[in-house]
Amino acid sequence: MKRGDLVTFTPEVWGTPLADRPLGVVTKVEKRSTANGNCLVQVDAIFPGDDIPYSSNIKVFELLNESW
């Protein structure tokens, strides 16, 4: 996943069919190391009607279309 990709929330998070989930655009992807040595990927995505990007773990988002 990279900046400019089109995403939505996963079915497990949103709980509705794909057609009912909001579409957003990735604005930032950041990899972080945790204290126990694991890698955490944090994604920011902006959704229509929101002025502030939604930031969460990459597992919350489903990639729909990769940017060119």
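Which residue forms a salt bridge with Lys 28, and how far apart are the closest N and O atoms? It's Glu 30, and the gap is 3.5 Å. The views below come back to that pair; keep in mind throughout that this is a predicted model.

**View 1. The whole chain: one helix and five strands.**
Starting at the N terminus, the elements follow the order β-α-β-β-β-β. The C-alpha trace spans about 40 × 25 × 25 Å along its principal axes. Of the 68 residues in the protein, 25% are buried. If you take the contacts with a separation of 6 or more, 40% of them come from residues 24 or more positions apart.

**View 2. The five strands make an open, antiparallel sheet.**
Read across the sheet and you get β4-β3-β2-β1-β5. At the edges sit β4 (54-57) and β5 (61-65), each with pairing on one side only. On average, neighbouring strands are turned by 40 degrees against each other, direction ignored. As a reminder of what holds such things together, strands of a sheet pair through backbone hydrogen bonds.

**View 3. Strand β1 with β2 and β5 for partners.**
Two bridges join β1 to β2 (residues 24-33), and the two strands run antiparallel. To find your place here, look for Leu 6, which stands opposite Val 25 in β2. The pairing of β1 with β5 is antiparallel too, over four bridges. Here the pair to look for is Thr 8 and Glu 62, with Glu 62 in β5 standing opposite Thr 8.

**View 4. Gln 42, a buried residue of strand β3.**
Strand β3 (residues 39-46) is joined to β4 by four bridges, the two running antiparallel. Gln 42 lies in β3, and its bridge partner in β4 is Asn 57. Is Gln 42 buried or exposed? Its relative accessibility is 15%, so Gln 42 counts as buried, the cut-off being under 20%. The side chain of Gln 42 also makes a polar contact of 3.1 Å with the side chain of Ser 55. Leaving aside sequence neighbours within four places, Gln 42 is in contact with Ser 55, Ser 56 and Asn 57, and also with Lys 28, Val 29, Glu 30 and Arg 32.

**View 5. A salt-bridge network links Lys 28, Glu 30 and Arg 32.**
Back to the opening pair. Glu 30 forms a salt bridge with Lys 28, with 3.5 Å between the closest N and O atoms. Glu 30 also forms one with Arg 32, where the closest N and O atoms are 3.4 Å apart. How accessible are the three members? Glu 30 has 29% relative accessibility and counts as partly exposed. Lys 28 is partly exposed at 41%, and Arg 32 is partly exposed at 38%. Lys 28, Glu 30 and Arg 32 also turn up among the contacts of Gln 42 from the previous view.

**View 6. Asp 5 and Lys 2 meet in a salt bridge.**
A search of the whole structure finds four salt bridges, and this is one of them, at 3.8 Å from N to O. Which partner is buried, and which is partly exposed? Asp 5 is the buried one, since its relative accessible area is 1%. Lys 2 has 38% relative accessibility, so Lys 2 counts as partly exposed.

**View 7. The largest nonpolar core has nine residues.**
The members are Val 7, Phe 9, Val 26, Val 41, Val 43, Ala 45, Phe 47, Val 60 and Phe 61. Two elements, β1 (6-9) and β3, give two or more residues each. Strand β3 supplies the largest share, with three residues. In soluble globular proteins, nonpolar side chains tend to be buried together.

**View 8. Phe 61 and the residues around it.**
Phe 61 belongs to the core just shown. Leaving aside neighbours within four places in sequence, Phe 61 is in contact with Val 7, Phe 9, Val 43, Ala 45 and Phe 47, among others. Those five residues are also listed in the core. The remaining contacts of Phe 61 are Met 1, Thr 8, Thr 10, Tyr 54 and Ser 56.

Terms used: Residues are numbered from 1 along each chain as its sequence is written. This is a predicted model: local features need pLDDT of at least 70, side-chain atom pairs count only at pLDDT 80 or more; totals for chains, interfaces and linings use all residues. Side-chain values use heavy atoms; hydrogens and water are left out. Two strands pair if DSSP finds at least two bridges between them. Axes are lines fitted to C-alpha atoms, for helices over the stretch in contact, and angles run from 0 to 180 degrees between N-to-C directions. A nonpolar core is a set of buried Ala, Val, Leu, Ile, Met, Phe, Trp, Tyr and Cys residues joined through side-chain atoms within 4.5 Å. Buried means under 20% relative accessible area, exposed over 50%, partly exposed in between (1.4 Å probe, protein chains only). Contact means heavy atoms within 4.5 Å. A polar contact is a pair of N or O atoms within 3.5 Å; within protein, one must be able to donate a hydrogen and the other to accept it, and residues adjacent in sequence count only if both atoms are side-chain atoms. A salt bridge is a side-chain nitrogen of Lys or Arg within 4 Å of a carboxyl oxygen of Asp or Glu.
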